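Please work through the following exercises with the sequence and the coordinates open side by side, and try each task before reading its solution.

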Amino acid sequence: MTSIAPPAAQLDRPASPARPPASPIKPTGTARQGLFATRRPDAWWIEPTIVAIGFGAFILYSLFSSLVWEPVFHVPYEAQGYLSPFFSPLIKPDWLPWWFSPAILILWIPLGFRTTCYYYRKAYYRAYFVDPPACAVGEPTIHSRYRLEAAFPFILQNIHRYFLYLAFIPLFFLWLDAFLALRQEGVWRIGVIGALMFLNVALLTGYSLSCHSFRHVIGGKMDCFSCSRGALLRYRAWERATWLNIHHLRWAWASLISVAVTDLLIRLLAIGVIGDPALRF
Ligand code: FES
């Protein structure tokens, strides 16, 4: 029997290396396949359920408060010198139509910052996309074509660091609002809502400074922390950012709640449901 050999030129040619895929594909992992399939005996579903309800409630409330409350129900976002954090800084040119909420002009920054946050990504991937719902818990096979954050649309998550830079703009104005609210009509006051505004902006500052990207901005890309005075300073700052970063999840939730509560109390004050007990001098 004669065998057909490949031409000599073909034998000499080195095997061409396999082309890497255009973007990585999510590995199957070792978890059982199938939605919620798991051997875990603990109540793994509690955390994603709380996240789904809590985060969903915040999104609904913030949409209602920023888009509906004032234009439809005429509940002001400003009362007795207190400005709702959803509307700060207030950008309201005269040509803005009555139905257009000024919150839209600024809210895209904190929303973009939160949506692309590393912690929130993990939280909502689990709670809403069940991708996977928890460690070692099966997910639906519809995710087999998921290409991580290396392809559209999730590649957009990588703009997080730019949202971090932008986030300092509303943060600056929120501090300004809290200080300006200390004085109304020539009288100094320390009220409950004013104190809450300070607490809120302090929590938001903690949330921003504990950001993973911020930690990288401060201490990343450095080969030597002890080689210069400047590098040493960055090391000290990086240490503090690292300490804050350990608690990023707590900053995220505490600031989320404080924003909503501050807004709610200002609205209730505006329509006279509550007062603002304050020391005035
Ligand atoms: S990682 Fe959460 S705000 Fe940056």
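The exercises below concern a predicted model, and each task is followed by a worked solution.

**Exercise 1. Overall layout**

Determine how many helices and strands the protein has, and in which pattern they follow one another along the sequence.

Solution. Begin by counting the elements, which gives nine helices and five strands. Next, read them along the sequence, and the pattern becomes α-α-β-β-α-α-α-β-β-α-α-α-α-β. Then turn to burial: of the 281 residues in the protein, 26% are buried. Finally, take the contacts between residues at least 6 apart in sequence, and it emerges that 73% of them join residues at least 24 apart.

**Exercise 2. Helix α2 and its partner**

Find where helix α2 bends, which of its residues are buried, and what covers them.

Solution. Step one is to follow α2 over residues 46-73, where a bend of about 40° is found at S65. Step two is to list the buried residues of this helix, which are P48, S62, S65, S66, W69 and E70; the residue at the bend, S65, is thus itself among the buried ones. Step three is to look at the cover over these residues, which includes α3 (104-115), α4 (118-127) and α9 (248-270).

Step four takes up the pair formed by α2 and α9, whose axes come within 11 Å and cross at roughly 35°, the crossing being left-handed. On the α2 side the contact is made by F58, Y61, S62, S65 and W69, and on the α9 side by L256, A260, D263 and R267. Lastly, the residue that follows α2 is H74, which has a positive phi near 55°.

**Exercise 3. The largest nonpolar core**

Identify which residues have the most contacts inside the largest nonpolar core, and which elements supply it.

Solution. As background, nonpolar side chains in soluble globular proteins tend to be buried together. In this model the largest nonpolar core has 36 residues, and those with the most contacts inside it are Y82, L164, I193, M197, L204, I266 and L269. Moving from residues to elements, at least two residues of this core come from each of β2 (82-83), α3, α5 (160-180), α6 (192-209), α8 (229-246) and α9. The largest share is that of α9, with eight residues.

To see one of these residues in detail, take Y82 and set aside its neighbours within four places in sequence; the residues in contact with Y82 are then A181, I193, M197, I266 and L269.

**Exercise 4. The open sheet**

Work out in what order the strands of the three-stranded open sheet lie, and which of them are edge strands.

Solution. The order is β3-β4-β5, with antiparallel pairing. The edge strands are β3 (183-184) and β5 (278-280), each of which pairs on one side only.

Now examine the two pairings in turn. Between β3 and β4 there are two bridges, and R183 stands opposite W188 in β4. These two strands form a hairpin with two residues between them, and E185 in the turn has a positive phi of about 50°. Between β4 (residues 187-191) and β5 there are three bridges, again in the antiparallel sense; here R189 has R280 in β5 as its bridge partner, while I190 stands opposite L279.

To complete the picture, consider the helix α6, which packs on the sheet and touches β4 and β5, its direction making about 70° with that of β4.

**Exercise 5. Unusual backbone geometry in the loops**

Locate the loops that hold P89 and P153, and then ask whether Q80 and V130, each with a positive phi, are buried, exposed or partly exposed.

Solution. Start with the prolines. P89 lies in the loop between β2 and α3, and the peptide bond from S88 to P89 is cis, with omega near 0°. P153 belongs to the loop between α4 and α5, and the peptide bond from F152 to P153 is likewise cis, with omega near 5°.

Continue with the two residues that are not glycine. Q80, in the loop between β1 (78-79) and β2, has a positive phi of about 50°; because Q80 has 17 C-beta neighbours inside 10 Å, it counts as partly exposed. V130, in the loop between α4 and α5, has a positive phi of about 40°, and with 19 other C-beta atoms within 10 Å it is partly exposed, since a buried residue would need 20 or more.

Technical notes. Residues are numbered from 1 along each chain as its sequence is written. This is a predicted model: local features need pLDDT of at least 70, side-chain atom pairs count only at pLDDT 80 or more; totals for chains, interfaces and linings use all residues. The bend at a residue is the angle between axes fitted to the seven residues ending there and the seven starting there. Helices (H or I, at least four residues) and strands (E, at least two) are DSSP runs, numbered from the N terminus. A residue is buried if 20 or more other C-beta atoms lie within 10 Å of its own, exposed if 12 or fewer, and partly exposed in between; C-beta atoms are placed from the backbone. Two residues are in contact if their C-beta atoms, placed from the backbone, lie within 7 Å. A nonpolar core is a set of buried Ala, Val, Leu, Ile, Met, Phe, Trp, Tyr and Cys residues joined through C-beta atoms within 7 Å. Two strands pair if DSSP finds at least two bridges between them. Axes are lines fitted to C-alpha atoms, for helices over the stretch in contact, and angles run from 0 to 180 degrees between N-to-C directions. A crossing is left-handed if the near helix is turned anticlockwise from the far one by less than a right angle, and right-handed if clockwise.
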